[in-house]
Every structure is written in structure tokens, then in C-alpha cells.
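Subject: Structure handover and findings

Dear colleague,

I am handing over the structure we discussed, with the sequence and coordinates placed just below. My notes on what was found in it follow after that.

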Amino acid sequence: MGKIAVAVIVSSWVVAVSILVNRIVTEPYMDEIFHIPQAQQYCKGNFRSWDPMITTPPGLYIVSLAYVASLFPGIFSMKADVSFSDACSSSILRSSNGVLAVFSSMMVYNILTHLRPSLTDRKVTLRTVVLALYPLHWFFTFLYYTDVASLTAVLASYLMSLKKKYFFSSLVGALAVLIRQTNIIWILFIACTGVLDYILDQQKDSADLTDSSQSQGKDAFPVSSQGVGTRSNLRKRRIHNQAATFSSPIHQKIASSVPSSDFSHEVREIISRLWQFKWETIASFWPYLVIMTAFITFVFWNGSIVLGAKEAHTVSPHFAQLMYFSLISVLFVPPVHFTIGQAAALARSFWKKNKLVSFFQLCTALAVGFLSVHFFSIAHPYLVADNRHYTFYLWRKVIKFHWSMKYLLIPLYVYSWISIFNILAKSQRKTWVLVYFLATAATLIPTPLIEFRYYTIPFFFLILHSHVDDDRSWLLMGILYVAINIFTIYMFLFHPFSWVHETGVQRFIW
């Protein structure tokens, strides 16, 4: 019932807002001027045509072709003179993202039920609907960008990995990379977290098998001719096996691998298990290795990670991007991170340890933040020249308000990361938190342009694994997201403006 409710709720606003957007914004807008004509070339069967300004692979256009093909019989029955290429209109192509937004909500619902089986349908539905309203995801549902398709493919790959369908996970992961090449980092993240879960399960299975053999040897006794003894013996063995499994030293070692355990011990234990089950791991996860090999080959052949506009998208050491991500992410979850209780909990966690060590760690974090914003803060030409984005105003009105402003924000950046780590550590192994941080860093640091939509996938992984159990917090987040979405779509649709020496209407956008 929960899935149906999610699908109906998400579809209701997708249909309503899509109709409104297509009636007012009839022509391709911003990056759509590259994506829509390219997709239309594919609809004409012209697969050799390629716009050199497009930076991402053709995965979105391939998905759109399949989508239009599924709709074409219905379109043809209504308009007999329409061709397949005519069916690839701006509104039809945009609607593919609307459908994918519903699918991504289904992925979120299934992931939450897998990660949090104790949650009721009502609670999972609430969390899924709120995440579907996440502004950086919600807005691009109505335009023909790669963001929604990218998120959907990554979440689908992750869900299949959680269900231990690693081959299918890698296939969908390959599609995710074809939609946006930086998704290779998240497919690697999915593979790494899958390996962590796999080796723990292998160890547990070995423990179960060992204890089962021992219990059978101890408890076996002759079977009566009527078979009564057999049933009684099997029942006793099952009870004994369950007790032995949960009291075995190996199972206790697995149970001890929780966030509170010593990090170095956890790493050594994982390396040991990985070596012990190396061949089983390779047999299960080899498809991910194929994707990684193919991607590395592509980068060497292409000479860059991006396809087009390589000069404007060169890899740069943009460490400040990590700082921006942390602050934006916690600002979108204020009831969790910006409360007196959370601040007090962070203070207690710092000072209950060795005070000298805690002080040194805090100083190190502040120093890293200072070095990031002082030496590795990049003002991309697109950022400072385009006033149609939130980031343009935040850069000029906040960060560049005064020379000291970017330094005054450093404590907020550090607090944000500490709060994020604190929330994740309550429910995840420390190695998982480390892998997540490295994946986020590998995705964002090489990116010279500040675009909040690049934060969507790491944010979703963050919130899905932050066990926020308070429904009130989710409701407050939902209200915040709705308010931001209404303001953004209102400005986008009803407050256009013109640039000097430019033709056409310009609109405000994320």
C-alpha cells in the first residue's frame, strides 16, 4: 500500500507542475538547448551527430528513445500523420524525467524498507515523499537534464546491490555511468559497500555452518522406528543451533563490528576477511571491475573525463567544494543538525575523550578548512557570469560580501562535517563512513563549477543512512522543501528577465 501511495502522491505534483512548465516555458531552456536537439537527432536515427558542447555521455538520450518508443503507438493512434522524430518534442522529452522521478521514489521506498525493516509503511511513505520533494531533485524533474535519470540509475544499482543481485546492479551501474560519467565514483562506492556486507555475511555463514556441525555431533542420538525421535532430535538441534550461532565467538566478533569499535581493528578485520574470501568476492563482484576497466580505458582514449567543452571543465583541486557541500547538506536537514541537542551532543562527544586529542583534532579540522577555502576556492567563469542561479547570488552576496566572509564560514563548514560524521556513526560502521566521505570527495573536489545539483547523489546516500527516527523532523523538512520549491518555481515561471545584448527570455534556476 505504501508504494502505491508514494506513486500517486509523486505523480500528482509531477503531472500538475509539468503541464504548467510546458505551457509557459515552451522552448528549450539553458542546458536544454544542448540536450533536447541532441535527443531529437537520436530520434531521427542520426547517431553520429554530436554537439561538442555536451559534456555527458548519451545515456539520457538512449533512455529517452526507449521512453518515446513506448509512447509512440499511443501518440500515433491519436495523430496518424505524426512521425517518430515528431514525437520527440520538448514536452515529451521533459516528461521522461517526470516518469523517472516516480521511479526514483520507488527506489527510495525500497531502499528504506531494506535498510530499516522495522519502520512501518506510514513512516517509510513519509520519508520517501519528503525526499521526493528535495529541492535540488524536485526542480529538475520538470526540465530535460541528466540529474533525475542519473539519481534513478544510481539508486536502482544500489538497491540491487543491497539485494545481493550484483550482476544486475553492475548492469544498471553501467547505464548510470553512460548518463553521467562521474557516477563511476558512486558505482565504485556501491561495489565497496557491497563487498563489506558480503564478507561479513560470508563470515556469519561460516560461523553458522561450524556451529551446526558441532551441535549435530554432540546432540545426535538413535532414531526410533516410528520416527518420533527424529522429529524431536531435529527440533532440539534447531534450537541448539540458533543458541550456538548467537553465542559463537565468530558471531560475537561480527556483532562487535559496529561504529563504536576501534577503527584500526575494524580495518584489519575487514582486510583479513577480504583475504580469506578473496575468490568468492572476485566471483561475485567481477562485473564492477569490468566497468572500472572500461571507464579507465575511455578516459585514456578521450583524454579527459568529459566529452565536450573540455576547456571549461578541466579537473581542478576544488577542495572548498567539500566545505560547501557539508553546509548545504545540513541546511537541508536543519531539525537534525541545527538544534541545541545536537550541538550539546557533539560537545559531549568531543570532551568525553582525551581533551588534548580532541582539541588537536578540532584545530586540525579548522586548519584544513582554512587551507581549502584560502588556496582551493575556485570562481569558475560560469559562476560569476550567470545571474540565473542561486549560486551566483550566494557567491556575490555572501562569500564575496567581505574578504573575511569566506573565513568566517569555516567554523560552520567544520561543524557541518562533524555533525554529519556524528549522525552517520550512530548507525554505520566507521569504514562505511570513510568510504562515503572518499566517494563524496572524489566526486566534488575535481569539479571547478559550484552547482548544487552535483550534491544530489551524495545527499541522498547521506540521508538514507542517517537514521532520523523523529517524524516531526521529517515533517519540518517537508515544509521547508515545499516552501523552497514554491518560491523557486514561482520565480522561474513568473519572473523572467532580459539580459542586455541578449535575445529571449531569461529565467531564474537552481
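I begin with one side chain: at 22% relative accessibility, Lys123 counts as partly exposed, since buried would require a value under 20%. Please keep in mind throughout that this is a predicted model, and that every value below is computed from it.

Lys123 meets the side chain of Asp471 in a salt bridge, with N and O 3.0 Å apart. The pair joins distant parts of the chain, given that Lys123 sits in helix H5 (residues 121-132) and Asp471 in helix H24, 348 residues apart. Asp471 itself is buried, because its relative accessible area is 16%, which falls under the 20% cut-off. Asp471 also forms a salt bridge with Arg127, where the closest N and O atoms are 3.2 Å apart. This second pair again links helix H24 to helix H5, across a separation of 344 residues, and Arg127 counts as buried because its relative accessibility is 1%. As general background, side chains of opposite charge can pair when their charged atoms come close.

The count for the model comes to 11 salt bridges. Another of them pairs Arg453 with Asp31, the closest N and O atoms being 3.4 Å apart. Here too the partners come from distant parts of the chain, 422 residues apart: Arg453 lies in the loop between helix H22 (430-444) and helix H23 (456-464), whereas Asp31 lies in the loop between H1 and helix H2 (32-43). Arg453 is classed as buried because its relative accessible area is 8%, while Asp31 is classed as partly exposed because its relative accessibility is 23%. Both residues belong to a network of salt bridges that links Asp31, Asp147, Arg180, Glu451 and Arg453.

Helix H24, which holds Asp471, also packs against the start of the chain: the axes of helix H1 (residues 2-24) and helix H24 (residues 471-494) come within 10 Å and cross at roughly 25 degrees. The two helices are therefore roughly parallel to each other, as angles under 35 degrees are counted that way. On the H1 side the contact is made by Val17, Leu20, Val21 and Ile24, and on the H24 side by Ile489, Phe492, Leu493 and Phe494.

On the surface, a nonpolar patch of about 870 Å² is made by Phe167, Phe168, Leu171, Trp279, Ile282, Trp286, Leu289 and Val290. Helix H8 (166-179) and helix H13 (278-302) each supply at least two of its residues, and the largest share, five residues, comes from H13. Phe167, which is placed in helix H8, counts as partly exposed because its relative accessibility is 42%.

Finally, some totals for the chain as a whole. The secondary structure comes to 24 helices and zero strands, and 49% of the 510 residues count as buried. Among contacts between residues at least 6 apart in sequence, 78% join residues at least 24 apart, and the salt bridge between Arg453 and Asp31, whose partners are 422 residues apart, is one pairing across a long stretch of sequence. The chain exposes about 24,800 Å², of which carbon and sulfur atoms supply 69%.

With best regards

Terms used. Residues numbered from 1 in each chain as written. Predicted model: local features only at pLDDT ≥ 70, side-chain atom pairs only at ≥ 80, totals over all residues. Heavy atoms only, no water. Patch = residues over 30% accessible without salt bridge, like charges linked within 9 Å, V, L, I, M, F, W, Y side chains within 5 Å. Areas by Shrake-Rupley, 256 points an atom, 1.4 Å probe, with all protein chains shown as cover. Salt bridge = Lys/Arg side-chain N within 4 Å of Asp/Glu carboxyl O. Helix = DSSP H or I, 4+ residues; strand = E, 2+ residues; numbered from the N terminus. Buried < 20%, exposed > 50% of the residue type's maximum accessible area, 1.4 Å probe, protein only. Axes fitted to C-alpha atoms, helices over the stretch in contact; angles between N-to-C directions. Parallel < 35°, antiparallel > 145°, perpendicular 65-115°, else oblique. Contact = heavy atoms within 4.5 Å.
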